[in-house]
Amino acid sequence: MRVGGTPYRSIFLDEDAWGVRVVDQTVLPHRFQLLRLESADDVVRAIRSMVVRGAPLIGAAAAYGVALAVRADPSDASLEDTLERLAATRPTAVNLRWALHRMDEVARDLPPELRADACYREAASLCDEDVEVNRAIGGHGLAILHELAVGRPLNVLTHCNAGWLATVDWGTATAPMYRAHDDGLDIHVWVDETRPRLQGAALTAWELGQHGVPHTLIPDSAAAHLMSKGEVDVVIVGTDRTTALGDVANKIGTYPLALAAADNGVPFYVAAPSPSIDWQTEDASRIPIEQRDSDEVISVRGLGPDDAVGVVRIAPEQTQAVNYGFDVTPRHLVTGLITERGVCDASGEGLRRLFPEGESAPGSEAS
Ligand code: MRU
């Protein structure tokens with residue numbers, strides 16, 4: 001997508017063809033800054049600190065982390081250790097496990113001296129595939145938006161950032177919005193600010209603004225009220241992990257949105273690329289839900305009067321806080337899953353109709 005008119009991907013190889021460039025998402029929207037990652041340790045730190053975040057981008061960054069590691073040391077021991085360390089960075093987004101499995105498959109049976117080239121090639125094709133998958137999701141989502149169009153601006157609501165910054169390009173939930181805007185459809189996006197880390201306010205609002213998509217930022221707590229007034233035509237969110245039966249783990253606050261949508265008759269879609277489907281899990285209560293530092297709830301990050309990005313405390317010093325990163329939306333609240341192969345019911349049958357091979361995916365409960 002474009003930044004100041006220039007097309008960018010959120011991750012790409014540097015000019016020397018081995019260092020990896022990423023957009024630093026911790027300083028947006030105040031600064032647009034690229035960082036260079038040169039080792040698996042750099043990638044581990046970037047994922048943990050949320051310099052890179054969003055399920056598909058975490059997978060893509062981890063893939064390059066493996067390539068960087070085997071470039072430095074192609075031994076079996078280094079490969080094993082890198083896969084383990086990257087897998088431990090964030091627990092909920094299943095794309096991470098998927099990407100690492102892919103890299104392991106490519107590297108494991110090769111002689112060490114051939115591993116680096118093969119891993120760079122695999123990481124690059126994983127990134128290119130992500131772009132194509134999201135473009136396709138955009139096309140299927142666009143058809144939904146055209147069907148819902150009502151001769152006035154179509155109001156779409158989204159949560160967190162399932163935008164191009166969370167993927168390699170296009171985004172998942174945002175792909176239909178970008179496609180619709182480019183197609184001349186009159187759309188307007190309500191952007192949930194997404195406490196506590198404010199990915200909606202800092203990232204989604206910024207992205208949409210850069211692309212010229214009309215949008216309005218709202219506190220998370222306003223979404224149900226807007227729905228009750230008929231001011232939301234459709235909700236589209238992303239997913240960090242969709243179970244084999246169609247339940248959806250996504251950013252904390254997604255589940256209450258789905259409840260409010262159901263109560264107000266608002267269609268609730270999840271943009272679900274196939275790498276975020278967890279064929280191994282049917283029971284959603286087994287999804288590991290990340291718990292993050294309570295400081296993220298007790299403080300907010302923003303631009304200070306001295307033009308520096310800093311953190312300010314918003315609660316009394318002794319106050320305890322809890323910080324679950326994700327929640328699970330039960331499948332009966334999901335109108336449909338927008339995948340790269342089309343839209344399906346949020347159900348095991350729906351998913352298997354589009355992805356018959358999923359049932360035999362390594363480790364799936366049915367395999
Ligand atoms: O904690 P984050 O910012 O990595 O969470 C991101 C989300 O919850 C996104 O909705 C999800 O990863 C899908 S991104 C296409």
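The crossing of helices α2 and α4 is right-handed. This is a predicted model. Two topics follow: the pairing of these helices, and a mixed sheet of four strands with helix α9 packed on it.

**Helices α2 and α4**

- Two packed helices are described by the angle between their axes and by the distance between those axes.
- Helix α2 covers residues 55-72, and helix α4 covers residues 95-108.
- They pack at an angle of about 30°, and their axes lie 8 Å apart.
- Angles under 35 degrees count as roughly parallel, so α2 and α4 are roughly parallel to each other.
- On the α2 side, the contact is made by Ala-55, Pro-56, Ile-58, Gly-59, Ala-62, Ala-63 and Val-66.
- On the α4 side, Asn-95, Leu-96, Ala-99, Leu-100 and Met-103 take part.
- Ten residues of this contact are nonpolar, two are polar and none is charged.

**The four-stranded sheet**

- Strands of a sheet pair through backbone hydrogen bonds, in either a parallel or an antiparallel way.
- Here the sheet is open, its strand order is β13-β10-β11-β16, and the pairing is mixed.
- Strands β13 (277-278) and β16 (326-329) are the edges, and each pairs on one side only.
- Strand β10 (residues 241-243) runs parallel to β13, and two bridges join them.
- Thr-243 stands opposite Asp-278 of β13.

**Helix α9 on the sheet**

- Helix α9 (residues 254-263) packs on the sheet.
- Its contacts there are with β11 (248-251) and β16.
- The direction of α9 makes about 35° with that of β16.

Definitions and conventions. Residues numbered from 1 in each chain as written. Predicted model: local features only at pLDDT ≥ 70, side-chain atom pairs only at ≥ 80, totals over all residues. Heavy atoms only, no water. Pairing = 2+ DSSP bridges. Contact = heavy atoms within 4.5 Å. Axes fitted to C-alpha atoms, helices over the stretch in contact; angles between N-to-C directions. Parallel < 35°, antiparallel > 145°, perpendicular 65-115°, else oblique. Left-handed = near helix turned anticlockwise from the far one by under 90°. Nonpolar A, V, L, I, M, F, W, Y, C, P; charged D, E, K, R; others polar.
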